[in-house]
Amino acid sequence: MAQPAFIAIDWGTSNARFALMDEAGQMLAEKPGPGIAKIDGANAIESVCFEAIGDWITLHPGLPVLMAGMVGSNIGWREAAYVETPAASEAILSAANLFEARGTKFAILPGVKTKRRGDGLPDLMRGEETQILGMAHDGLLCLPGTHSKWARVSGDIIEQFHTAQTGELLELIGKHSILLNPRRSPAAMVGPAFSDGVKTASANALGLESSLFTVRSRQVAGDLLAENADSYLAGLVIGAEIRSALAVYDDVETVQLTGSPSLTALYAAALEMTGKRSMQMDGQSASLAGLTKAYQDIFA
């Protein structure tokens, strides 16, 4: 059996994942945990961390811990400053916050920020840069999620990126608007209703702010079933996101998608409708690959 070499922690706003890893980056064991937003302050975060990994450290003294995500933000455990684009992997890894706690060595990877996007506004990512480190792919990357990221990568350099608040928008609309039945749990899936939403978003000159209400009006008109409304809504919002992104990156033919398989499947279907190819990679695998690269650079 492979021997543990380090502990990898992907610690976001809503959830945490603790993983015991070997030298080659294979996961030997894992545990879930609460997100940073659910824990009150740095001292409590430290306690939650050691509660999760304490038995691994006891069994395997000296294991270093690699961390990424909101644990390094200003609401996390210890802050790891942002690296500005164009951000090479070497710059990201060298900016890790290294410290010791309770006799254990830790490294928290930084986030990445833009000085100014193409529209003149700043942007941020924290956690996604670690997935990008683990993807080893040139070109246009899309990381769907609560705050979807679109990043152009050349070699090991994140050249530019922008954020689309698609996942959060869908959740807010699903729970706090009249567009969907609030008693149902939205469960968007690839199919005719989703495709209809993507087509509407692509063709409607009025924009998303006007297209959104058609989720309601088409149900009243009788040409959209209530059970398909969540898929139609997802098609509208994801379609609008892709339409905007491809207007910026108009020279791209293939998009690398990284995230949960159910979510990347929706994006892949929408991209195919625009004539673009895509490749899919599981987001957890990308995060662990990025944390393994960090371990090999910092501690191995």
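A pocket here is an open set of grid points with protein on both sides within 12 Å along at least five of seven lines, and its lining residues have an atom within 4 Å of a point. The model is predicted.

**Exercise 1. Describe the second largest pocket: its lining, its volume and its chemistry.**

Step 1. Count the lining. The second largest pocket is lined by 24 residues.
Step 2. Find the centre. Arg117, Asp119, His162, Thr163 and Val248 lie nearest to it.
Step 3. Trace the lining to elements. β13 (157-164), α4 (166-176) and α8 (229-248) each give at least two residues.
Step 4. Sort by class. Nine lining residues are nonpolar, nine are polar and six are charged.
Step 5. Give the volume. The second largest pocket holds about 410 Å³ of space.

**Exercise 2. Check the length of helix α1 (residues 42-59), then locate its kink and its buried residues.**

Step 1. Work out the expected span. Helix α1 has 18 residues, so at 1.5 Å a residue it should span 26 Å.
Step 2. Compare with the model. The end C-alpha atoms of α1 are 26 Å apart, which agrees.
Step 3. Look for a bend. α1 has a kink of about 55°, centred on Ile53.
Step 4. List the buried residues. They are Ile45, Glu46, Cys49, Phe50, Ala52, Ile53, Trp56 and Ile57. The kink centre, Ile53, is on this list.
Step 5. Find the cover. The elements over these buried residues include β1 (4-11), β2 (15-22), β3 (27-34), β4 (65-69), β7 (97-101) and β8 (104-108).

**Exercise 3. Run the length check on helix α9 (residues 261-273) and say what follows the helix.**

Step 1. Take the 13 residues of α9 at 1.5 Å a residue; the expected span is therefore 18 Å.
Step 2. Compare. The end C-alpha atoms of α9 are 18 Å apart, in agreement.
Step 3. Name the buried residues of α9: Thr264, Leu266, Tyr267, Ala268, Ala269, Ala270 and Leu271.
Step 4. Move past the helix. Gly275 follows α9, and its phi is positive, near 85°.

**Exercise 4. Is Ser287 buried or exposed? Is Glu90 buried or exposed?**

Step 1. Place Ser287. This residue sits in helix α10 (residues 283-298).
Step 2. Apply the cut-off. Buried means under 20% relative accessible area. Ser287 has 5%, so Ser287 is buried.
Step 3. List its contacts. Beyond neighbours within four places in sequence, Ser287 touches Asp10, Thr130 and Gln131.
Step 4. Place Glu90. This residue belongs to helix α2 (residues 89-94).
Step 5. Apply the other cut-off. Exposed means over 50%. Glu90 has a relative accessible area of 63%, so Glu90 is exposed.
Step 6. Add a distance. Glu90 and Thr214 are 124 residues apart in sequence and 47 Å apart in space, C-alpha to C-alpha.

Conventions
Residues are numbered from 1 along each chain as its sequence is written. This is a predicted model: local features need pLDDT of at least 70, side-chain atom pairs count only at pLDDT 80 or more; totals for chains, interfaces and linings use all residues. Side-chain values use heavy atoms; hydrogens and water are left out. Helices (H or I, at least four residues) and strands (E, at least two) are DSSP runs, numbered from the N terminus. The expected span of a helix is 1.5 Å times one less than its number of residues. The bend at a residue is the angle between axes fitted to the seven residues ending there and the seven starting there. Buried means under 20% relative accessible area, exposed over 50%, partly exposed in between (1.4 Å probe, protein chains only). Contact means heavy atoms within 4.5 Å. On a 1 Å grid over the protein atoms alone, a cavity is a set of points where a 1.4 Å probe fits but cannot get out, and a pocket is an open set with protein on both sides within 12 Å along at least five of seven lines; lining residues have an atom within 4 Å of a point. Grid points are joined across faces, edges and corners, and a volume is the space filled by probe spheres set on the points. Ala, Val, Leu, Ile, Met, Phe, Trp, Tyr, Cys and Pro count as nonpolar, Asp, Glu, Lys and Arg as charged, and the others, Gly among them, as polar.
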